Amino acid sequence: MKLSNPHAIAPAVKVYDYLCEMNGKRCLTGQMESQWCGTPEFEMNYLVMSTGRLPAIRGLDFINNDFHGVVRRSIDWWARGGIASVCWHTGPDFASAYKASQEEDIDWTEAFTEGSETNRKLIEGMDRAVPYLRQLEHAGVPVLWRPFHEFDGGWFWWGRGGAEGFVKLWRMMYERYTNHWGLNNLIWVLGYSGEGKGMADWYPGDAYVDILGVDSYTPGAHGDLYKKCKGIAPEGMPLCFHECGTIPTWEQMQADEAPWLWFMVWHTQWLTSEEFNSRESLRAIYHSPDYVTMNQLPDFLGEEKSC
């Protein structure tokens, strides 16, 4: 597999090549951060305290317009040897937060009518992230870019235009960021919900997607969803479990024939509650040879770190 953007910077190519190489062989550990627990390091500190290790992938969010913070933490994470994944909970103005992402909507006909006020505002809004993603590119930081996630679930505005509207929206952002603005550090991650209905209709196309996967907070490895993802993706495209509560074990993934490339535990109680992930289970996973933690990632210059 090659990245959809032929002009991708070398670090993005190296990260993607590594992910393709690991696909089906090992599972990268991932953890979403929160910004409201006194420090954005809350989850990372908890993992170090519980396992002695950090995840390979850190999940970040432009939510609440935290552009500067996300850039700063992404650069730091990359410098420490990890991979950054960024999503964006925002309203259709791209200047709000979680509540607006669920409660507001746009005129889906006007949104793609060139020259209309809705179209102009939509483009201006999505462009708000460009300067910050460019800062990351200038710093040599590749980003697992996961916009408009759980689009097929219907609970976020970006999915309310149906499959046809979503595909147009995704392609608009891709074309705008990649071809108009020349952002070459993004690895485009398509994040389905766990609904599993009509998934192929929502697929923007191989030219616009680098990785795809699902979210689900139901325990287990979800072999049914993995099979549906595999049926959509071209041969060799990595498949990820990019939001979860309880981490599926390697044995569960093997039994379900669902070797997800990475998992991403959601923040706060999803990580810290014994109901979802006990400290014992976290330690077992973070020390398993089947999972990759930050200290086991290559430096993307060819050298493997010691465990």
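**Exercise 1. Describe the burial and the neighbours of strand S4.**

*Solution.* Strand S4 is mostly covered, with 5 of its 5 residues buried; buried means under 20% relative accessible area, exposed over 50% and partly exposed in between, with a 1.4 Å probe and protein chains only. The model is predicted: local features need pLDDT of at least 70, side-chain atom pairs count only at pLDDT 80 or more, and totals for chains, interfaces and linings use all residues. Residues are numbered from 1 along each chain as its sequence is written, and side-chain values use heavy atoms, with hydrogens and water left out.

Step 1 concerns the two faces. In a regular strand the side chains alternate between the two faces of the sheet. From S4, Ile 83, Ser 85 and Cys 87 point one way, while Ala 84 and Val 86 point the other way, and all are buried. Helices (H or I, at least four residues) and strands (E, at least two) are DSSP runs, numbered from the N terminus.

Step 2 concerns the partners. S3 and S4 run parallel and are joined by 5 bridges; two strands pair if DSSP finds at least two bridges between them. Opposite Ile 83 in S4 stands Ile 57. Between S3 and S4 the chain passes through H3, and this β-α-β crossover is right-handed, meaning that, with the strands pointing away from the viewer, the path from the first strand over the helix to the second runs clockwise. S4 also pairs with S5 in the parallel sense, over 3 bridges, and Val 86 stands opposite Trp 145 in S5.

**Exercise 2. Determine which strands contribute to the lining of the largest cavity, and state the classes of its residues.**

*Solution.* Rolling a probe the size of a water molecule over the atoms shows where empty space is left.

Step 1 is the definition. On a 1 Å grid over the protein atoms alone, a cavity is a set of points where a 1.4 Å probe fits but cannot get out, and a pocket is an open set with protein on both sides within 12 Å along at least five of seven lines; lining residues have an atom within 4 Å of a point. Grid points are joined across faces, edges and corners, and a volume is the space filled by probe spheres set on the points.

Step 2 is the count. There is 1 cavity of 30 Å³ or more, and the largest cavity has a volume of about 40 Å³.

Step 3 is the lining. It consists of Met 32, Gly 59, Leu 60, Ser 85, Val 86, Cys 87, Arg 146, His 242 and Met 264. Strands S3 (57-61) and S4 (83-87) each supply at least two of the lining residues, and the largest share, 3 residues, comes from S4.

Step 4 is the classification. The lining has 5 nonpolar, 3 polar and 1 charged residues, where Ala, Val, Leu, Ile, Met, Phe, Trp, Tyr, Cys and Pro count as nonpolar, Asp, Glu, Lys and Arg as charged, and the others, Gly among them, as polar.

**Exercise 3. Characterise the two largest pockets.**

*Solution.* Step 1: the largest pocket holds about 250 Å³ of space. It is lined by 19 residues, of which His 89, Tyr 98, Glu 243, Trp 266 and His 267 are the closest to its centre. By class, its lining comprises 9 nonpolar, 6 polar and 4 charged residues.

Step 2: the second largest pocket holds about 210 Å³. Among the residues lining it are Cys 20, Tyr 226, Lys 230, Glu 235 and Pro 259. Its lining divides into 7 nonpolar, 3 polar and 2 charged residues.

**Exercise 4. Classify the aromatic pairs Phe 151–Trp 202 and Phe 166–Trp 170.**

*Solution.* Step 1: the structure holds 32 aromatic pairs. Rings of Phe, Tyr and Trp (its six-membered ring) pair if their centres lie within 6.5 Å; planes under 30 degrees apart count as stacked, over 60 as edge-to-face and the rest as tilted.

Step 2: the ring centres of Phe 151 and Trp 202 are 5.8 Å apart and the planes stand at 40°, so this pair is tilted. Phe 151 lies in the loop between S5 (143-145) and H7 (162-180), and Trp 202 in the loop between S6 (186-192) and S7 (211-216), so the pair ties together parts 51 residues apart in sequence. Both Phe 151 and Trp 202 are buried.

Step 3: Phe 166 and Trp 170 also form a tilted pair, at 5.9 Å centre to centre and 50° between the planes. These residues are 4 apart in helix H7 and therefore separated by about one helical turn. Phe 166 and Trp 170 are both buried.

**Exercise 5. Are Asn 64 and Phe 148 buried, partly exposed or exposed?**

*Solution.* Step 1: Asn 64, a residue other than glycine, has a positive phi near 60° and is found in the loop between S3 and H3 (67-80). Its relative accessibility is 48%, so Asn 64 counts as partly exposed.

Step 2: Phe 148, likewise not a glycine, has a positive phi of about 55° and is placed in the loop between S5 and H7. Because its relative accessibility is 3%, Phe 148 counts as buried.
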